[in-house]
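Subject: Model handover, pockets and backbone notes

Hello,

Here is the structure we discussed. Please load it before reading on; my notes follow below.

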Amino acid sequence: MIRVLLAEDQGMVREALAALLGLEGDIDVVAQVSRGDEVADAVEAHDVEVAVLDIEMPGMTGIDAAAEVRRRRPGTKVVIATTFGRPGYLRRAMEAGADAFLVKDAPASELAEAIRRVLRGERVIDPALAAAALAEGANPLTAREREVLAAAADGAVNAEIARRLHLSEGTVRNYLSMAIQKTAARNRAEAVRVAKDKGWL
């Protein structure tokens with residue numbers, strides 16, 4: 001039996017997925033969590049072989065959780081299954097060490113097959129999303145620009161962002177200016193929206 005963890009913050013979706021995977025004769029959902037920051041501990045506690053992660057969860061994103069699993073349990077395979085088929089998410093998930101990236105509107109049988117395939121050492125990527133990611137190109141934002149833009153997403157002023165990230169206000173202004181320029185936005189709020197839409201944040 002393949003030991004699987006499901007990480008999904010919507011209870012009904014998580015339970016439905018668990019029930020569907022439970023119908024497969026070779027898959028056993030041994031753990032379920034609703035927060036990204038619970039993933040790595042649960043993977044270790046339940047000796048999980050494949051972790052199936054949503055992207056947008058409280059505590060930690062599925063992409064960050066994938067990187068944490070890869071660091072702590074390199075033998076555990078990671079499948080990202082998300083509602084948000086954004087090319088930037090795909091690229092970031094692969095950089096974090098995910099073995100598969102699927103969009104949730106695919107049939108449950110495809111998820112089950114992806115779980116089997118990653119255990120055989122294969123990479124599984126939604127083909128339409130792969131094509132879109134290639135067409136989109138790389139994320140133009142640096143790690144620091146992403147960090148400052150993410151900090152600005154809740155409406156924080158430069159002084160607050162500077163305090164939070166231990167930067168000077170001038171440095172924050174520079175990073176925001178570069179992010180606005182690279183996203184072809186008119187202001188920081190629009191830059192945040194563009195970056196989120198493309199999966200860069």
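First, a cut-off: a residue counts as exposed when its relative accessible area is over 50%, as buried under 20%, and as partly exposed in between. Keep in mind that this is a predicted model.

With that cut-off, take His 166. Its relative accessibility is 71%, so His 166 is exposed. It sits in the loop that runs between helix 8 (158-165) and helix 9 (169-182). Its phi is near 60 degrees, which is a positive value in a residue other than glycine.

Asp 47 is another non-glycine residue with positive phi, here near 50 degrees. Its loop lies between helix 2 (39-45) and strand 3 (50-53). How exposed is Asp 47? Its relative accessible area is 45%, so Asp 47 is partly exposed.

Now the pockets.

The largest pocket holds about 480 Å³ of space. Its lining has 18 residues, and those closest to the centre are Thr 61, Asp 64, Arg 92, Trp 200 and Leu 201. Three elements each give two or more residues to this lining: helix 3 (62-72), helix 4 (87-95) and helix 7 (143-152). Which of the helices gives the most? Helix 7 does, with four residues. By type, the lining of the largest pocket splits into 10 nonpolar residues, seven charged and one polar.

The second largest pocket has a volume of about 170 Å³. Here is the lining in full: Val 13, Ala 16, Leu 17, Leu 20, Ala 81, Leu 102, Val 103, Lys 104, Ala 106, Pro 107, Ala 108 and Leu 111. Helix 1 (11-22), strand 5 (100-103) and helix 5 (108-119) are the elements with two or more residues in that lining. Helix 1 gives the most, with four residues. What is the make-up of this second lining by residue type? It has 11 nonpolar residues, one charged and no polar.

For your set-up, the two linings side by side:

- Largest pocket: about 480 Å³; 10 nonpolar, one polar and seven charged residues.
- Second largest pocket: about 170 Å³; 11 nonpolar, no polar and one charged residue.

And the two backbone points again:

- Asp 47: phi near 50 degrees, partly exposed.
- His 166: phi near 60 degrees, exposed.

Over to you.

Best wishes

Key. Residues are numbered from 1 along each chain as its sequence is written. This is a predicted model: local features need pLDDT of at least 70, side-chain atom pairs count only at pLDDT 80 or more; totals for chains, interfaces and linings use all residues. Side-chain values use heavy atoms; hydrogens and water are left out. On a 1 Å grid over the protein atoms alone, a cavity is a set of points where a 1.4 Å probe fits but cannot get out, and a pocket is an open set with protein on both sides within 12 Å along at least five of seven lines; lining residues have an atom within 4 Å of a point. Grid points are joined across faces, edges and corners, and a volume is the space filled by probe spheres set on the points. Ala, Val, Leu, Ile, Met, Phe, Trp, Tyr, Cys and Pro count as nonpolar, Asp, Glu, Lys and Arg as charged, and the others, Gly among them, as polar. Buried means under 20% relative accessible area, exposed over 50%, partly exposed in between (1.4 Å probe, protein chains only).
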